[in-house]
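I opened the notebook to record what I looked up in this model, entry by entry. I wanted to follow the charged side chains and see where each one sits.

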Amino acid sequence: MAEAENTTPLLIKRYASRRLYNTETSDYVTLDDIAGFIRAGRQVRIVDLKTGDDLTRQYLLQIIAEHEGRGESVLPIDVLVDLVRSYTTQAQSVVPQFLAASFEMLREGQSKMMENLSTFPNPMSSMPGFEALQRQQQMFLRAMAAGWGTAGSSGPAPDEEEEPRRGKKAESEDMAEIRRQLAELQKRISKL
């Protein structure tokens, strides 16, 4: 049932007062709440209650603008300028496909980086506790990639041969701890 929740978009209704209402939890939400849902891997759909118009794009752009305005810049000025130009040129028809392909390549690159993490020769590998550190790094990268929709899609974990010795329960607990720490960091960041 949890999988169905993640594949079904969370419906947010915008009232005439411009307040946003989460239909799943029956409470009002803010743009920061919506950004949190999206970071957690949830699809979101925002509609106008009266007209039924889909406002998702408008609100996603507003979330991006607020983050950029707070100095949390992800988009370089040159990219923003090119985006503005693309609205008035023939490039308008090519830009969405290009951006989608670029982000897909980024997600694939993250996935391959996680797969190859254990293949790099490392002089520190002879240090005691290095394997545990490496497993934690891999789990951290998997958790981070979950926000991009790649968690679990990169195939078997590079250290799966070690599973019987270590135990799946221990890895599950480690992953739960990493997720808890990430959630705490996200809360702290969103409060800044």
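**Entry 1: R45 and its partner.** I started with R45, which counts as partly exposed at 38% relative accessibility. I noted first that the model is a predicted one. I then looked for a partner and found D54, whose side chain meets that of R45 in a salt bridge, at 3.5 Å from N to O. D54 has a relative accessible area of 47%, so I wrote it down as partly exposed. I kept a general remark beside this pair: side chains of opposite charge can pair when their charged atoms come close.

**Entry 2: the overall layout.** I stepped back to look at the whole protein. I listed 8 helices and 4 strands. Along the sequence, I read the order α-β-β-β-α-β-α-α-α-α-α-α. The protein has 192 residues, and 23% of them are buried. I put down an accessible surface of about 13,800 Å², with 58% of it belonging to carbon and sulfur atoms. I also looked up how far apart in sequence the contacting residues are. Among contacts between residues at least 6 apart, 53% join residues at least 24 apart.

**Entry 3: more salt bridges.** How many salt bridges does the count come to? I got 7 salt bridges. I looked at two further pairs.

- E66 and R70 meet through their side chains in a salt bridge, with 3.7 Å from N to O. E66 is partly exposed at a relative accessible area of 33%, and R70 is partly exposed at 36%.
- D82 and R85 form a salt bridge whose closest N and O atoms are 3.6 Å apart. I placed both residues in helix α4, 3 residues apart, which is about one turn of the helix. D82 is partly exposed, with a relative accessible area of 46%, whereas R85 counts as exposed at 51%. Because the cut-off for exposed is over 50%, the two residues get separate labels.

I then noted that D32, E66, R70 and E72 are joined into one network by salt bridges that share partners.

**Entry 4: E68, a charge without a salt bridge.** I looked up E68 next and placed it in helix α3, residues 56-69. Is E68 buried or exposed? I found E68 buried, and it has no salt bridge. The nearest side chain of opposite charge belongs to R70, which is 11 Å away. A salt bridge needs the nitrogen and the carboxyl oxygen within 4 Å, so a separation of 11 Å does not qualify. What does the side chain of E68 reach? I traced it to the backbone nitrogen of L75, at 3.1 Å. Leaving aside neighbours within four places in sequence, I listed S73, V74 and L75 as the contacts of E68.

**Entry 5: R42, a buried arginine.** I found R42 in the loop between α2 (31-39) and β4 (44-48). Why does R42 count as buried? Its relative accessibility is 12%, and buried means under 20%. I then looked for what its side chain meets. One polar contact, of 2.7 Å, joins the side chains of R42 and E24. A polar atom of the R42 side chain also lies 3.3 Å from the backbone oxygen of T8.

**Entry 6: a nonpolar patch on the surface.** I turned from charges to nonpolar side chains. Which residues make the nonpolar surface patch? I listed V94, F98, L99, F103 and L106, with an area of about 450 Å². I placed one of them, V94, in the loop between α4 (77-86) and α5 (95-116).

**Entry 7: two positive phi angles.** I closed with the backbone. As a general rule, most residues other than glycine have a negative phi. I looked up two residues with positive values.

- R18 has a phi near 75 degrees, which is positive in a residue other than glycine. I found R18 in the loop between β1 (10-14) and β2 (20-22). R18 is exposed, with a relative accessible area of 56%.
- S26 is not a glycine either, and its phi is positive at about 55 degrees. I placed S26 in the loop between β2 and β3 (27-29).

Definitions and conventions:
Residues numbered from 1 in each chain as written. Predicted model: local features only at pLDDT ≥ 70, side-chain atom pairs only at ≥ 80, totals over all residues. Heavy atoms only, no water. Buried < 20%, exposed > 50% of the residue type's maximum accessible area, 1.4 Å probe, protein only. Lys, Arg positive; Asp, Glu negative; His and termini not counted. Polar contact = N/O pair within 3.5 Å; in protein donor to acceptor, adjacent residues only side chain to side chain. Contact = heavy atoms within 4.5 Å. Patch = residues over 30% accessible without salt bridge, like charges linked within 9 Å, V, L, I, M, F, W, Y side chains within 5 Å. Areas by Shrake-Rupley, 256 points an atom, 1.4 Å probe, with all protein chains shown as cover.
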